[in-house]
Amino acid sequence: MTNPATTNTAVPSTFAAGDAEKSATGAPEASSAQASGQGSTTIADVVVQKIAGLAAREVPGVYELGGGAARAFGAVKGRIPGASASAGQGVSVEVGQKQTAVDLEMLVEYGVSIPELAKDVRNNVIDSVEHMTGLEVVEVNISVNDVHIPADDSDGDDQDTGGRVQ
């Protein structure tokens with residue numbers, strides 16, 4: 001089986017022509033079309049992206065998804081009333097007619113075994129995407145960009161709670 005490329009410029013041979021095209025803005029235009037004797041079902045890339053993102057977040061030890069810029073943008077967006085961080089943040093997918101590939105960027109909790117966490121995330125993403133879409137997940141690439149340290153959450157706001165002098 002050929003390995004779907006993680007670059008956005010090439011169309012892997014396992015995908016039908018035109019299924020992995022991107023728009024000028026880089027937004028995915030492709031969708032998966034599954035045909036049966038009674039009609040066809042089309043699954044947009046963003047659906048697979050959200051399923052994979054939610055499945056990855058379900059695994060204990062995953063603190064957040066996305067690279068530094070994506071997390072910063074998500075933090076700003078989270079402060080806007082009515083706005084919420086995207087379920088697909090930190091997730092990119094390449095979807096063909098019968099297969100898909102997933103790339104994840106994540107921030108993990110300190111103290112968690114990264115190889116074990118990656119295995120658990122990979123299994124959960126594969127199970128969720130295959131169960132919900134019927135697409136075969138050919139690969140899940142995981143990039144761990146940072147480690148979350150709980151002490152970093154205080155940002156100096158709790159200075160009077162743990163200090164010796166008040």
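Five exercises with worked solutions follow, all on one predicted model.

**Exercise 1. Layout of the chain**

Task: State how many helices and strands the chain has, and give their order along the sequence.

Solution:
- Start with the counts. The chain has four helices and six strands.
- Next, read along the sequence. The pattern is β-β-α-β-α-β-β-α-β-α.
- Finally, add the burial. The chain has 166 residues, and buried residues make up 33% of them.

**Exercise 2. Packing of α1 and α3**

Task: Describe how helix α1 packs with helix α3, and classify the angle.

Solution:
- Choose the descriptors. Two packed helices are described by the angle between their axes and the distance between the axes.
- Locate the helices. Helix α1 covers residues 45–57, and helix α3 covers residues 114–133.
- Take the values. The angle is about 140°, and the axes are 8 Å apart.
- Apply the cut-offs. Angles over 145 degrees count as roughly antiparallel, and 65 to 115 as roughly perpendicular. The pair fits neither class, so α1 and α3 are oblique to each other.
- Add the hand. The α1 and α3 crossing is right-handed.
- Pick a residue in α1. Leu 54 is found in this helix. Its relative accessible area is 46%, so Leu 54 is partly exposed.
- Pair Leu 54 with Asn 124. They are 70 residues apart along the chain, yet their C-alpha atoms are separated by 9.7 Å.

**Exercise 3. The salt bridge**

Task: Find which residue forms a salt bridge with Glu 116, and place both partners.

Solution:
- Count first. The structure holds one salt bridge.
- Name the partner. Glu 116 pairs with Lys 119, and the closest N and O atoms are 3.6 Å apart.
- Check the cut-off. A salt bridge needs the nitrogen within 4 Å of the carboxyl oxygen, so this pair qualifies.
- Place the pair. Both residues lie in helix α3. They are three residues apart, about one turn of the helix.
- Grade the accessibility. Glu 116 has 42% relative accessibility, so it counts as partly exposed. Lys 119 is also partly exposed, with a relative accessible area of 42%.
- Look beyond the helix. Glu 116 and Gly 61 are 55 residues apart in sequence, but 9.9 Å apart in space, C-alpha to C-alpha.

**Exercise 4. A nonpolar surface patch**

Task: List the residues that form the nonpolar patch on the surface, and give their accessible area together.

Solution:
- List the members. They are Tyr 110, Ile 114, Val 144, Val 147 and Ile 149.
- Take the area. Together these residues have about 420 Å² of accessible area.
- Follow one member. Val 147 sits in strand β6, which covers residues 136–148.
- Grade Val 147. Its relative accessibility is 32%, so it counts as partly exposed. Patch membership needs over 30% relative accessible area, so Val 147 passes.

**Exercise 5. A glycine in a loop**

Task: Decide whether Gly 67 is buried or exposed, and say where it lies.

Solution:
- Place Gly 67. It is found in the loop between β3 (62–65) and α2 (68–78).
- Take its relative accessibility. The value is 11%.
- Compare with the cut-off. Buried means under 20%, so Gly 67 counts as buried.
- Add a contact across the sequence. Gly 67 and Met 106 are 39 residues apart in sequence. Their C-alpha atoms are 6.9 Å apart in space.

Technical notes. Residues are numbered from 1 along each chain as its sequence is written. This is a predicted model: local features need pLDDT of at least 70, side-chain atom pairs count only at pLDDT 80 or more; totals for chains, interfaces and linings use all residues. Side-chain values use heavy atoms; hydrogens and water are left out. Patches are made of residues with over 30% relative accessible area and no salt bridge: like charges are joined within 9 Å, nonpolar side chains (Val, Leu, Ile, Met, Phe, Trp, Tyr) within 5 Å. Accessible areas come from the Shrake-Rupley method with a 1.4 Å probe; for residues, only the protein chains shown count as cover. A salt bridge is a side-chain nitrogen of Lys or Arg within 4 Å of a carboxyl oxygen of Asp or Glu. Helices (H or I, at least four residues) and strands (E, at least two) are DSSP runs, numbered from the N terminus. Buried means under 20% relative accessible area, exposed over 50%, partly exposed in between (1.4 Å probe, protein chains only). Axes are lines fitted to C-alpha atoms, for helices over the stretch in contact, and angles run from 0 to 180 degrees between N-to-C directions. Angles under 35 degrees count as roughly parallel, over 145 as roughly antiparallel, 65 to 115 as roughly perpendicular and the rest as oblique. A crossing is left-handed if the near helix is turned anticlockwise from the far one by less than a right angle, and right-handed if clockwise.
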